[in-house]
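Work through the exercises below with the sequence and the structure at hand. Try each task before reading its solution.

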Amino acid sequence: MLNDIKILMKSLSDIDVRIMLCKSAFEWELLAKKYNALRDEIEAFCASGLPEDVSSALDKTRASLVQKKGELPPLDLSDFFK
Amino acid sequence: MGLIKNIGNAVKNEVRDYLLKIVEAEKEAPKQPEENVQKNAETKVEKSVPKVEEAPIIKDEKVQPEPVEEVEEVREKPRKKEIYPIANDLEFIRFSYKKNQDGVMIPKDLAELIKMLPLEEYACFVKLYCFALEQRKNYGYWGGTLKRRIGLDQLTTAEFEELGNNLMAYGLLLLEKLTENQKTFVLYVPFDEDTMVKLSTAKQPAKQPEKPAPKKAEKPAPKAAKPKPEPEEEETQHAEDIPGKPVEGMENDEMYKSYKTFVSLEIDKAKMRVGRANFDKIYMEAVKYIDKKYGFKVLSDSDKFKEYLTNYYISAFDIPTFENWKKSKG
């Protein structure tokens, strides 16, 4: 159990590192998908409730993802208006 | 080569002289304080009672400032206790300026009112007023971003909140709670039909019980005389002002297609108007807002994000909503 959560946390920190290196909206979307999947996996794994450190780590990654999305060039909406 | 050697020698000499000066200065420096201390000690011994030693004098000097600090703290506290409004029954109208203003002109009536404010609240009000002129509307979100944009970064969130609450108590600002973490503000500015476009009237909150209210109770008639929008109408108007509100009822017809083109053009115009850097900041705010309000899943869903982002821009750049645009088209 401890090992499993360690592996999941390792994947989360991998995402953290890749967020820092992310330079395009496409990369960001891939990372966001990974994060969502990982979050679901962790939540399923800790069905009885997320430990505080895991929860704060997830929140931190989410915050960095949001920050990175805001820092990337604004999304081009021209397709949306066609 | 000779020239280079000469320059090298000259530099060496300069550096040597400089170092010698520094060494001499360091040797002299410690002597001076010792001499001063000795002189002071001598004069004190001569003037004061012979019992007094140097150490207790220093202790006494250190102890002295503490009561002064206490006095300062005591002085600051009463300021926060009671605030009486400097203006009652002001009408808080959400408006946008028709065009960019050349300078910062404070109407005489408003200047008369705000000169009664304490320094901090006065500064905050003027900063908000300048901000309103800059963004061409007198309302928006209240929070950290606003604090930063009006140049009050040095204040803590609590201090800024307190300033807002004080201004509200003085009756010159209206703060409305949207969610637990989000507030909007409406700054009181006298409405001028020539330069402003009225968007909606903000609701006054229920008056605080501590304030003396006999005069207010006597004045229901003039309030009723004003053409007040009906509550439902007011609520819808208010809802329209919330940035990021999803636009509903957009049918997939020709009208909607031309509206989309119109919005696209307006966003492009706004991008040009605010400049690249500011647009990036607005985008950043939009991302944070959408994440907070609709959750991360929306943020990571490209199509939904585009939809919410468009709605945010519609609100942020005062682009008419589909309904309003349809009405204006007739």
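**Exercise 1: two packed helices**

α13(B) and helix α15 (residues 302-316) of chain B pack at an angle of about 120°, and their axes are 10 Å apart. Helices (H or I, at least four residues) and strands (E, at least two) are DSSP runs, numbered from the N terminus. Axes are lines fitted to C-alpha atoms, for helices over the stretch in contact, and angles run from 0 to 180 degrees between N-to-C directions.

This is a predicted model, in which local features need pLDDT of at least 70, side-chain atom pairs count only at pLDDT 80 or more, and totals for chains, interfaces and linings use all residues. Residues are numbered from 1 along each chain as its sequence is written, while chains are lettered from A and ligands numbered from 1 in the order in which they are written.

Task: classify the angle between α13(B) and α15(B).

Solution.
Step 1. Angles under 35 degrees count as roughly parallel, over 145 as roughly antiparallel, 65 to 115 as roughly perpendicular and the rest as oblique.
Step 2. The angle is about 120°, so α13(B) and α15(B) are oblique to each other.

Task: which residues make the contact, and how do they divide into nonpolar, polar and charged?

Solution.
Step 1. Two residues are in contact if their C-beta atoms, placed from the backbone, lie within 7 Å.
Step 2. α13(B) contributes B:I282, B:A286, B:Y289, B:I290 and B:Y294, and α15(B) contributes B:F305, B:Y308, B:L309, B:Y312 and B:A316.
Step 3. Ala, Val, Leu, Ile, Met, Phe, Trp, Tyr, Cys and Pro count as nonpolar, Asp, Glu, Lys and Arg as charged, and the others, Gly among them, as polar.
Step 4. The division is 10 nonpolar, no polar and no charged.

**Exercise 2: a sheet**

Task: give the strand order of the open sheet in chain B and find its edge strands.

Solution.
Step 1. Two strands pair if DSSP finds at least two bridges between them.
Step 2. The three strands have the order β2-β4-β3 (chain B), with antiparallel pairing.
Step 3. β2 (139-142) and β3 (173-177) of chain B each pair on one side only, which makes them the edge strands.
Step 4. β2(B) is joined to β4 (residues 183-187) of chain B by four bridges, and B:Y139 stands opposite B:V186 in β4(B).

**Exercise 3: confidence**

Task: where in chain B is confidence lowest, and where highest?

Solution.
Step 1. pLDDT is the predictor's confidence in each residue, from 0 to 100.
Step 2. The lowest mean, 36, belongs to helix α10 (residues 220-225) of chain B, and the highest, 90, to helix α13 (residues 276-294) of chain B.
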